[in-house]
Amino acid sequence: MKTQVGIIGAGPAGLLLSHLLHLQGIESILIENRSRTYIESRVRAGVLEQGTVNTLNEAGVGERMRKEGLLHHGIELSFHNKRHRINMHELTDGRAITVYGQQEVVKDLVKARLVAGGQLLFEVEDVSVHNLDSNQPKIRFRKDGEEQEIACDFIGGCDGFHGICRPSIPAGVLQVFERVYPFGWLGILAQSKPPSEELIYCHHERGFALFSMRTPEITRLYIQCTPDEDIANWPDDRIWHELELRLGADESIQLQEGKILQKGVTPMRSFVVEPMQYGRLFLAGDAAHIVPPTGAKGMNLAVADIRHLSRALGGYYQNNRTDLLEQYSATCLRRVWRSEHFSWWMTALLHRFPDYTPFQQRLQLSELEYVTSSRAASTSLAENYVGLPMN
Ligand code: FAS
Ligand code: PHB
């Protein structure tokens, strides 16, 4: 097979790249090792930054998001059993977030690509990339038992943290920056009314908890746990009891139990590789960087990378420009590191660290007091949370 851009991975990064290239008349073939059903049902991120919402609307794939997404003007931080609202809309001159599950974004992008006759190949196996430092890189894989090869001009490495693209870059090229946290998140999706209209981030002596949602009837909840937590140790009633304790005794709010539809443990790390490119291979999204989900940045960073990559590839094919491609990493990394810092800061502010001294625990509480009482401090949180403008 031959195409202009070969794309590996049908997550938000790969699918959005395929769509934005199509809008510029640039051909691509996207290959994905899981099934379409699997990727469209995988529960992950839930919060879209303003820039992501604008990107999806501008790309003509925002109709269902506008209908079904939940527009939120604020979030709440809870500590000492008291909730404090951060009015992000007011603090950021009208910007907001939209709660709309990542799997819904994936469904909307898959549909748009298939309607446009896009080439998406699911359930491929043994993917490998070759000749990355030539002008004719290749992707090899097996599909239905048949060995296949795609000859292309460029490869979009959108295969996530556990993909094959980043490891295919020769040793010595990449500098890795990493921090692994001493905890993870136990996440559940439940058929129950969210306890509040907006997200509540809870700092609690028993550990962090997050009360989010997907719809007015489906709640998405997280409990800080050990990084290697065995989900078998968390029967439903223990989960609800722990959530109740961490939400704090507050008669103005009621945690409604319901049928748990999905539960899982996500480890937490900060991770970046520099540069995010090698020869004709361009890494985007989780293939290049990971953030702890406390800042709700993961998927939004993938979108920001793809805005740059699709513009750089457009510049190459339409005006023979190579400068935007050469500057791709540097351009993406400015926002990557801003999001890495914010996600680390939110994680440090809200979680219980097993090795924290009483002094450090007091500092945490003092910073929470400051962030929820100072306009300057809450504005800084708000502008990072809704997302700095995507250019
Ligand atoms: P993705 O990982 O989404 O997509 C990569 C795709 O490549 C996958 O479909 C994978 O199957 C495919 N692939 C992998 N190897 C391949 C190969 N060899 N060949 C072909 N295809 C291959 N972010 C938030 O903001 N909030 C959250 O609450 C949140 N929760 C998360 C929970 C979990 C369990 C995980 C893993 C991540 C979570 N994230 C969250 C981060 C997540 O949303 C990512 O940032 C987002 O999926 C990034 O999108 P992509 O870069 O497209 O990577
Ligand atoms: C979610 O709804 O899944 C979600 C929301 C905010 C976060 C992380 C996850 O910071």
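**Exercise 1. Find the loop that holds Glu-123, then describe its backbone and its exposure.**

Step 1. Glu-123 sits in the loop between β8 (119-121) and β9 (125-130). Strands here are DSSP runs of E with at least two residues, helices are runs of H or I with at least four, and both are numbered from the N terminus. The model is a predicted one, where local features need pLDDT of at least 70, side-chain atom pairs count only at pLDDT 80 or more, and totals for chains, interfaces and linings use all residues. Residues are numbered from 1 along each chain as its sequence is written, chains are lettered from A and ligands numbered from 1 in the order in which they are written, and side-chain values use heavy atoms, with hydrogens and water left out.

Step 2. Now look at the backbone: phi of Glu-123 is near 55°, a positive value in a residue other than glycine.

Step 3. Glu-123 has 48% relative accessibility and so counts as partly exposed. The cut-offs are under 20% relative accessible area for buried, over 50% for exposed, and partly exposed in between (1.4 Å probe, protein chains only).

**Exercise 2. Do the same for Ala-296: is this residue buried or exposed?**

Step 1. Ala-296 belongs to the loop between β20 (289-290) and α8.

Step 2. Its phi is near 55°, again positive in a residue other than glycine.

Step 3. With a relative accessible area of 17%, Ala-296 is buried.

**Exercise 3. Trace the surroundings of Ser-329 in helix α10.**

Step 1. Begin with exposure: Ser-329 is buried, at a relative accessible area of 5%.

Step 2. Which residues does Ser-329 touch, not counting those up to four places away in sequence? They are Pro-275, Met-276 and Gln-277, where contact means heavy atoms within 4.5 Å.

Step 3. A polar atom of the Ser-329 side chain lies 2.7 Å from the backbone nitrogen of Met-276.

Step 4. Turn to Pro-275, which is placed in the loop between β17 (259-274) and β18 (277-278). The peptide bond leading to Pro-275 from Glu-274 is cis, with omega near -10°.

**Exercise 4. Work out how α10 (residues 328-350) meets α12.**

Step 1. The two axes come within 11 Å and cross at roughly 125°. Axes are lines fitted to C-alpha atoms, for helices over the stretch in contact, and angles run from 0 to 180 degrees between N-to-C directions.

Step 2. That angle makes α10 oblique to α12. For reference, under 35 degrees is roughly parallel, over 145 roughly antiparallel, 65 to 115 roughly perpendicular, and the rest oblique.

Step 3. Which residues make the contact? On α10 they are Arg-338, Phe-342, Trp-345 and Met-346, and on α12 they are Leu-381, Asn-384 and Tyr-385.

Step 4. Leu-381, Asn-384 and Tyr-385 are also among the buried residues of α12 (residues 375-385).

Step 5. Finish with the two ends of α12. At its start, a side-chain oxygen of Ser-374 reaches to within 3.2 Å of the backbone nitrogen of Ala-376. After α12 comes Gly-387, with a positive phi near 100°.

**Exercise 5. Describe helix α3 (residues 50-58) and what covers it.**

Step 1. The buried residues of α3 are Gln-50, Gly-51, Thr-52, Val-53, Thr-55 and Leu-56.

Step 2. Their cover includes α1 (12-23), β3 (47-48), α4 (63-68), β7 (97-99), α6 (102-115) and α8 (298-319).

Step 3. Following α3 is Gly-60, whose phi is positive, near 75°.

Conventions
Polar contact = N/O pair within 3.5 Å; in protein donor to acceptor, adjacent residues only side chain to side chain.
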